[in-house]
Amino acid sequence: RYGQGAWAPSIRYHDGIFFVYFPTPREGIFMSIASSAEGPWSTPVAVIAQRGLEDPCPFWDDDGTAYLIRSQTGAGPLFLHKMSSDGRHVLDDGKVIVQNRQALPTLEGPKLYKRNRYYYIFAPYGGVGTGSQAVLRSKNIYGPYEYRTVLAQGVTSVNGPHQGGYVETPTGEGWFVHFHSQGAYGRIDYLEPVKWVGDWPIIGKAADGGTTGEPVPTWKRPAVSDNFPIEKTQTSDEFNDRQLGLQWEWNHNPDDANWSLTARRGFLRLKAMPASDLLHARNTLTEMMQDPIFNLTARIDTTKMMNGQHAGLAMFSNKPSGISIVENEGTRRLQFFAQTGEIDGPALEKAVVQLRVHVEEETATYFYSVDDGRSFRQIGQSCPIYFSWWKAARPALFNFNTNVGLNTFGLVDVDWVHYRPLKDHLAARLH
C-alpha cells in the first residue's frame with residue numbers, strides 16, 4: 001500500500017492538548033491526542049469514516065465551537081464541518097465554502113486561522129510543480145471569501161512554493177513553512193518570513209508595495225531563545241548508542257525482533273525476513289538525502305548470511321537501484337541491480353565489505369571496497385534515481401531472503417554508515 005497511508009496532517013494545540021488530524025485515502029480522516037508533542041499519542045479515532053478525503057485541519061473558534069476544514073482527493077472544493085468540542089467526530093455532512101476552479105484550480109491543503117476578527121484559509125493552488133500559495137479571508141467562517149496570491153515562484157528557482165503552515169513566535173514574528181518539489185531529491189522545506197499589511201499576509205520577500213512575495217534563500221533566524229541553536233540533520237551513524245539516530249526511517253513498520261543495536265555492541269544487526277524483492281522487504285532502514293551531491297558508505301559484516309539472502313545498500317524508490325551481497329549455494333557475491341537488470345560482481349573472499357553510493361544530478365553510482373576502504377571499484381552503470389509516492393529517493397540499508405522455506409534467514413551486522421556531502425564532481429572524485 002505504498003502511497004496509501006497517512007497523508008498531509010495538521011497539528012494543533014487547544015485547551016492544553018495536542019491534536020493531530022490526518023487522512024488515509026481509503027478509510028477517512030483520523031485524529032490522535034497527546035498531552036505532550038513528544039507523545040505518547042492516543043490510538044487514532046475515525047473523525048469521518050469515508051474514502052476520498054484529504055488535507056484536514058481542525059479549528060476552535062473563540063466561543064469554543066469546533067470546526068474541521070478539508071479537501072477531497074483530486075483537490076478541491078474546500079468543505080467545512082462542525083465538530084464535537086472534543087474533536088472526535090463531525091456533526092454534519094459539511095458545506096462547500098470555497099470552489100473557484102478558474103481562479104483557484106487544484107485548491108488543496110487548507111489551514112484555518114483567525115486573526116483580528118478575520119477567518120483566514122491558507123491554501124495552495126495550481127499544482128505542486130507550478131502552483132502558488134493563496135490566502136483567503138472572510139469575517140464569516142462560512143464565507144464568502146476574498147483571496148490573494150501571497151507567495152509565488154517569481155524569478156526564483158523555487159517552483160510551486162506552497163503546501164505549508166503558518167505560525168507565530170511568542171514575540172509575534174510570523175513564519176510560513178512550505179516545500180517545493182525538486183525531482184528525485186523530494187520536497188525541500190523552506191522557512192519564510194511573514195509580515196501583515198492591511199490584514200493580509202505577505203510571505204517571503206515582495207517588491208515595495210507588492211502583495212505577492214517570493215521565496216527567500218536565506219533570512220535572519222526566528223527570534224527564539226538561544227537554547228535552540230541552529231542544527232544540521234544527523235546523517236552518519238556509528239551505531240554505538242542504544243537507539244537509532246533521528247535520521248533513520250523504517251520503510252515499513254519494523255519487526256523489532258529482527259533488528260538490534262545491543263546484540264553486538266557498536267553494530268546495527270539486521271536479521272533477514274522472507275520477501276520476494278526489495279519493495280516487499282521488511283526492516284529496510286532509510287534516511288533522507290541532505291545535499292545534492294554526496295557519498296554514503298556502509299561497512300557491513302556478512303559472516304552470518306544464509307542461502308537466498310540479499311543484503312546491501314540501495315537508493316530506494318518505486319524503481320530502486322543498488323548493490324547487493326547475495327548468498328547462493330555457498331557462494332557470496334556482489335550484485336548490481338537497477339531497472340535495466342542485474343550485473344554480477346566478484347565473489348567475496350572476505351566477510352567484511354564496504355558499499356558506497358555516490359549521488360549527483362539525480363543519478364546514483366555504486367562502488368565497493370574489499371580492502372577496508374583503501375580502494376573502491378565501481379559496479380554497474382550510473383542510473384537515475386526517482387521521486388515516488390510523494391517522497392524523495394532515499395539511501396537504504398536492506399536485508400531480506402527470497403528462500404521462504406527456511407526456518408532462519410540469516411543476518412548482517414552494519415558497523416557504521418558515513419555520509420559525506422560533496423560540493424562538486426571533482427571533490428567527489430577526490431573522496
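**Exercise 1. Which residues form one aromatic cluster with Trp 196, and how are two of its tyrosines placed?**

Step 1. Tyr 113, Tyr 118, Tyr 120, Phe 122, Tyr 166, Phe 176 and Trp 196 form one aromatic cluster. The model is predicted, so residue numbers, which start from 1 along each chain as its sequence is written, point to places in a model where local features need pLDDT of at least 70, side-chain atom pairs count only at pLDDT 80 or more, and totals for chains, interfaces and linings use all residues. Side-chain values use heavy atoms, with hydrogens and water left out.

Step 2. Rings of Phe, Tyr and Trp (its six-membered ring) pair if their centres lie within 6.5 Å; planes under 30 degrees apart count as stacked, over 60 as edge-to-face and the rest as tilted. By this rule there are 22 aromatic pairs.

Step 3. Take Phe 59 and Tyr 119: their ring centres are 6.1 Å apart and their planes stand at 75°, so this pair is edge-to-face. Phe 59 belongs to strand E5 (residues 53–60) and Tyr 119 to strand E10, 60 residues apart, so the pair links distant parts of the chain.

Step 4. Now turn to the tyrosines of the cluster. The rings of Tyr 118 and Tyr 120 have centres 5.9 Å apart and planes at 55°, so they make a tilted pair. Both residues are buried (under 20% relative accessible area; exposed is over 50%, partly exposed in between, with a 1.4 Å probe and protein chains only).

**Exercise 2. Find the lysine that lies over the face of Tyr 118.**

Step 1. A charge sits over a ring if NZ of Lys or CZ of Arg is within 6 Å of the ring centre and within 35 degrees of the ring normal.

Step 2. Lys 139 lies over the face of Tyr 118, at 5.1 Å from the ring centre.

**Exercise 3. In what order do the four strands of the open sheet stand?**

Step 1. Strands (E, at least two residues) and helices (H or I, at least four) are DSSP runs, numbered from the N terminus. Two strands pair if DSSP finds at least two bridges between them.

Step 2. The order is E9-E10-E11-E12, with antiparallel pairing. Strands E9 (111–115) and E12 (146–151) are the edges, each pairing on one side only.

Step 3. Five bridges join E9 to E10 (residues 118–125), and Lys 111 stands opposite Phe 122 in E10.

**Exercise 4. Is Asn 283 buried or exposed?**

Step 1. Look in the loop between strand E20 (273–274) and strand E21 (285–286).

Step 2. Asn 283 is buried, with a relative accessible area of 1%. Its phi is near 60°, a positive value in a residue other than glycine.
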